[in-house]
Amino acid sequence: MHNNHFFLRILARELRQILTYARLKQCFSQEKDELVIGFERQNGQDFWIKCSFGSQFSSMQFPADFRRAGRNSVDLFSDLLLHEVQDVRVFENERAIGLYFLGEQVLVFKLFGNRSNVILFQAGEHQGQFQKRLGKDFDLSFLQLDRTIDQSYEAFQRADGDWMALYPTLGKECTAYFQRLGYVNLAQSKQWDLLQKTLEALEEPLISIIETPKGIALTLFPVDQEALYQTKDVFDALNQFFALHYSVGEFRREKSLLMETLGKLHLKAIHYLESLEKQQIKRDSSLAYEEIGNILMAFLHLIPVGAKLVELDNFYHGGKVTIKLNAQLSGPENAENYYRKAKNFSKEIAQWEATVARKKAEIQELGEQLKGIEAAQVRRELKPYLQYLKVQESTKQSSDELPFKQFVTSGWTIWVGKNAKNNDLLTLKYAKKFDIWLHARDVSGSHVIIRNPQQQTVPKHVIEKAAELAAHFSKRATESLCPVIVTAKKYVRKTRDLLPGQVIVDREEEVVMVKPTYWE
């Protein structure tokens, strides 16, 4: 209710007593969404108004003193400097206050929540405004700021006791207050009496600052809860309201957001660990790759050409075993694939064990941090955890804007370029020097990056999976085997004479032979 018309009536009344005949001394902005206005009064004392008009929260403050920064500040409304205030008034039934200066200049404080602004009018014509982002304010008519409403008893009767038709600016707080007093059950004449008594009380109210589910609120109506602060001084009320909004309201908001963010990360880590444990169960119940390769080699004469599946005797454990095959490879080549997988298996196990240990530590750490956030009582105690909000916001933004194909294998992220220009963007802007860069050798194709922000040793099987993608997204996609360059991104560069997508590889650390394969 700090931007409510009835609150602004009190504020305008107090400002009129202080600012009449005062001269505008300074008007500047040194922070985004913040306007500071200083007046020199006839008694020699300065009076300051600080407007904080953000898209999430807007309010006025009245500091006892204000020191302008030596740099990064911009003068505004310079035409008003040293002009004298003649009057201060609130516009009829509107959330706006006007400071009237000599020379038919009016500085309007339009206090419309997240659309609040300060606008200068000269003889009714728009001359400038503080918040340029509010484009509609450039067309705001000064003559239409006053809203005339018939607020007589006859109009009340015609509205069948609907007080909001006469006083729409009383707002939701009045609705709740009247509900507590049983307004709807009163006779119309009694309803009118209650309305008039309420309006009279709003002339000299006890201003309360309270905590609500939506944050810190200021109200002129009697409250049925313990107030955080109460005063009859309108300037004191706004100063305390602003301070409590950030010390209490923002603390509650950030704490809730942190609990939600870390709670999701904690649950995600738990689910990931469960998935890893299921992989172990599946692996323990499956035939070893080397055993499959041996079975294939023992029964090569039973493997049909071009088969995708084959059922053979399991001479290790008895019974039959169904084995998946690559239909484009021969029996020995399929067996060789399984032998190669067997060689990588120990590395996969080591990688799996490291990932499990990392996830368990992450779950424990997140659990402890959730306890710390839950126990926090003041905003400074949340400071160690605020990084999570920035990381989540940054991750979401980069994920939403990432222009590449993305793949994940064994916890490693792989990016694949979409076209020549996109390859340049991927390699030259997004990839870091310790990432692994792959490309099909001697033909055009997509640049492929294995992300390696921790500068770890990338497992061989991860490199092979990425190489399969590099081969698939190249001119060798239809060949049985494709050579793929593997090197650190730091060995890849581009000169101005090269076409889009073309690069120079200073050092080929490895060339792997893989079957072009698309996988997800």
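**Cysteines**

I began with the sulfur of cysteine 51 in this predicted model. Its closest cysteine sulfur belongs to cysteine 27 and lies 8.5 Å away, which is too far for a bond. The cut-off I applied is 2.5 Å between the two sulfur atoms. By that rule I count zero disulfides. Looking from the other side, I find cysteine 27 in no disulfide, with the sulfur of cysteine 51 as the nearest cysteine sulfur, at 8.5 Å.

I then asked whether these two residues are buried or exposed. Cysteine 27 has a relative accessible area of 1% and is buried. Cysteine 51 comes out at 0% and also counts as buried.

**Serine 29**

I looked up serine 29 next and found it in strand S1, which covers residues 23-31. Its relative accessible area is 13%, so I noted serine 29 as buried, the limit being under 20%.

What does the side chain of serine 29 reach? I found the backbone oxygen of glutamate 34, at 2.7 Å. Setting aside neighbours within four places in sequence, I listed the contacts of serine 29 as Glu34, Asn72, Ser73, Val74, Leu76 and Phe130. Glu34 therefore appears in my notes both in that contact list and as the owner of the backbone oxygen at 2.7 Å.

**Alanine 187**

I placed alanine 187 in the loop between helix H4 (171-180) and helix H5 (188-201). Its relative accessibility is 46%, so I recorded alanine 187 as partly exposed. I also checked its distance to glycine 161: the two are 26 residues apart in sequence, and their C-alpha atoms are 9.0 Å apart in space.

**Strands S16 and S17**

How do strands S16 and S17 run relative to each other, parallel or antiparallel? I find them antiparallel, with five bridges joining S16 (residues 405-409) to S17 (residues 412-416). I picked out valine 408 and found its bridge partner in S17 to be threonine 413. The two strands form a hairpin with two residues between them. In the turn, I noted a positive phi of about 55° for serine 410.

**Confidence**

Last, I checked pLDDT. The protein averages 89, and 97% of the residues score at least 70. Where does pLDDT stay under 50? I found this over residues 393-400, a stretch for which the model has zero contacts beyond four places in sequence. Predicted coordinates should not be read in detail where pLDDT is low. I therefore took no detailed reading from the coordinates there.

Terms used: Residues numbered from 1 in each chain as written. Predicted model: local features only at pLDDT ≥ 70, side-chain atom pairs only at ≥ 80, totals over all residues. Heavy atoms only, no water. pLDDT = per-residue confidence, 0-100. Contact = heavy atoms within 4.5 Å. Buried < 20%, exposed > 50% of the residue type's maximum accessible area, 1.4 Å probe, protein only. Pairing = 2+ DSSP bridges. Helix = DSSP H or I, 4+ residues; strand = E, 2+ residues; numbered from the N terminus. Polar contact = N/O pair within 3.5 Å; in protein donor to acceptor, adjacent residues only side chain to side chain.
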